[in-house]
Amino acid sequence: MDTVTLEGTEYNVLAKRPESLTDKPFTYCPGCNHGTTHKIIAEVIDELDIQHRCIGIASVGCSVFSYEFFDFDFISVPHGRALAVATGAKRMRPNAVLMTYQGDGDLAAIGTAETIHACNRGERVTCIFVNNAIYGMTGGQMAPTTLLGMKTTTSPLGRDATRIGWPIKMSEMLSPLPGAAYIARVSMHDAKHILKAKAAIKKAFRAQLEDKGFSMVEVLSNCNVNWHMTPEDAVKFVKEKMTENFPLGVYKDVWEEEKAAKQPKKEEG
Amino acid sequence: MPMIEILDDACKGCLLCIPACPHELIHNTKAKLNKRGLYPVEYVDPEGKCTGCRLCAIVCPDVAIRVYKEVKKKSA
Ligand SMILES: Cc1ncc(C[n+]2csc(CCOP(=O)(O)OP(=O)(O)O)c2C)c(N)n1
Ligand code: SF4
Ligand code: SF4
Ligand code: SF4
Ligand SMILES: [Mg+2]
């Protein structure tokens with residue numbers, strides 16, 4: 001553990017900026033959980049000691065500058081194409097650890113095809129999917145993940161299922177595909193859930209390191225600015241409304257499945 | 001004794017750390033402006049109640065909180 005001496009007293013440092021982040025301050029709005037998500041990813045990368053092997057794929061969205069904030073190699077790609085580029089990079093550099101960082105507009109709208117096929121092919125890449133139920137960067141348009149009744153600039157009366165369908169559930173959709181090794185949905189609404197999210201992200205990277213297949217963590221996040229809420233209210237909205245529509249949990253766990261397959265079958269009767 | 005440090009210029013004044021602290025040690029005093037023109041929160045702990053639980057640092061989106069705990073000196 002790091003120590004510092006302040007006014008003659010020696011202290012252990014229990015929390016500080018992870019090594020896998022640069023010194024650049026995040027450009028996100030105050031209270032935006034993109035920052036929190038970056039921080040826990042960097043902590044996981046530090047703990048797994050894989051910083052020197054990581055290649056990040058920066059998608060388009062508010063996190064478009066994520067290559068500035070993580071301290072390892074990055075490729076900046078067009079909107080929606082992150083998992084296609086990650087596939088190519090991983091195949092050329094099988095020892096690299098590939099991470100895509102994608103919003104819901106990126107992963108679940110324009111990039112749906114890339115997402116489904118990367119998962120179905122069981123690409124050994126780790127996808128961090130930040131679901132804030134909106135297109136944040138472009139000014140708050142409706143995303144496929146927007147909740148019913150939610151007002152956005154392109155659904156000013158609130159999302160109405162009969163006209164524009166239902167919020168899309170990517171974790172539930174992808175987990176039945178045989179290429180999926182680890183799929184979990186986590187939330188960033190309080191410290192306990194942030195720690196759970198960190199554990200899930202670590203497992204997702206482990207799935208890649210152990211060559212198990214595709215891994216994705218869906219992070220329920222906020223966009224207080226385009227939701228027109230204070231950060232505190234936005235976090236409450238994630239806790240109450242987002243988790244109600246998008247249930248938290250592990251949707252696919254290859255290690256659990258392997259364990260179950262090894263158990264001797266119980267005899268009937 | 002554990003304590004925290006708020007990095008004034010990194011803090012964006014989102015206030016998420018305030019309800020996270022079980023001992024109500026972080027306050028929105030608006031006593032000073034930072035380089036960004038925002039009000040950083042302040043750590044006020046005259047009685048040394050901080051337990052070093054890190055909850056404030058975990059919820060901070062801008063990595064603006066450092067948590068310290070005194071190194072225990074081994075008695076001879
Ligand atoms: C090919 C292409 N189409 C559309 C856009 C415009 N665009 C930029 S970001 C974005 C959506 C961002 O939303 P999301 O992926 O959810 O990220 P967030 O900002 O919410 O984190 C869109 C539609 C673009 N940059 N490129
Ligand atoms: S617009 Fe929304 S998602 Fe983008 S940085 Fe601001 S709060 Fe975060
Ligand atoms: S470390 Fe815990 S007790 Fe200390 S200020 Fe932070 S939340 Fe409060
Ligand atoms: S959570 Fe971080 S950025 Fe927000 S007010 Fe507290 S110290 Fe400042
Ligand atoms: Mg979004």
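1. A good place to start is one pair of residues: Val130(A) stands opposite Val219(A), the latter in S8(A). Please keep in mind as you read that the model is predicted.

2. That pair leads to two strands of chain A, S6 (residues 126-131) and S8 (residues 214-220), which run parallel and are joined by 6 bridges.

3. Stepping back to the whole sheet, you will find 7 strands of chain A in the order S4-S3-S5-S6-S8-S7-S9; the sheet is open and its pairing is mixed. Its edges are formed by strand S4 (73-76) and strand S9 (249-253) of chain A, each of which pairs on one side only. From one strand to the next, the twist averages 15°.

4. Two helices are worth a look here. Helix H3 (residues 82-92) of chain A lies across S3, S4, S5, S6 and S8, running at about 175° to S5(A). Helix H11 (residues 254-262) of chain A lies across S7 and S9, at about 60° to S9(A).

5. Now for the magnesium ion (ligand 5): its protein donors are Asp104(A) through OD, Asn132(A) through OD1 and Ile134(A) through O, at 2.0 to 2.2 Å. Along the chain, these donors follow the spacing D-x27-N-x1-I. Asn132(A) is buried, because its relative accessible area of 7% is under the 20% cut-off. Ile134(A), at 2% relative accessibility, also counts as buried.

6. Asn132(A) turns up again around ligand 2, whose surroundings also include Tyr28(A), Cys29(A), Cys32(A), His34(A) and Cys223(A). The shell around ligand 2 divides into 5 nonpolar and 5 polar residues, with no charged ones.

Technical notes
Residues numbered from 1 in each chain as written. Chains lettered and ligands numbered in written order. Predicted model: local features only at pLDDT ≥ 70, side-chain atom pairs only at ≥ 80, totals over all residues. Heavy atoms only, no water. Near = heavy atom within 4 Å. Nonpolar A, V, L, I, M, F, W, Y, C, P; charged D, E, K, R; others polar. Pairing = 2+ DSSP bridges. Helix = DSSP H or I, 4+ residues; strand = E, 2+ residues; numbered from the N terminus. Axes fitted to C-alpha atoms, helices over the stretch in contact; angles between N-to-C directions. Contact = heavy atoms within 4.5 Å. Donors = N, O, S within 2.8 Å, 3.2 Å for Na, K, Ca; no water. Buried < 20%, exposed > 50% of the residue type's maximum accessible area, 1.4 Å probe, protein only.
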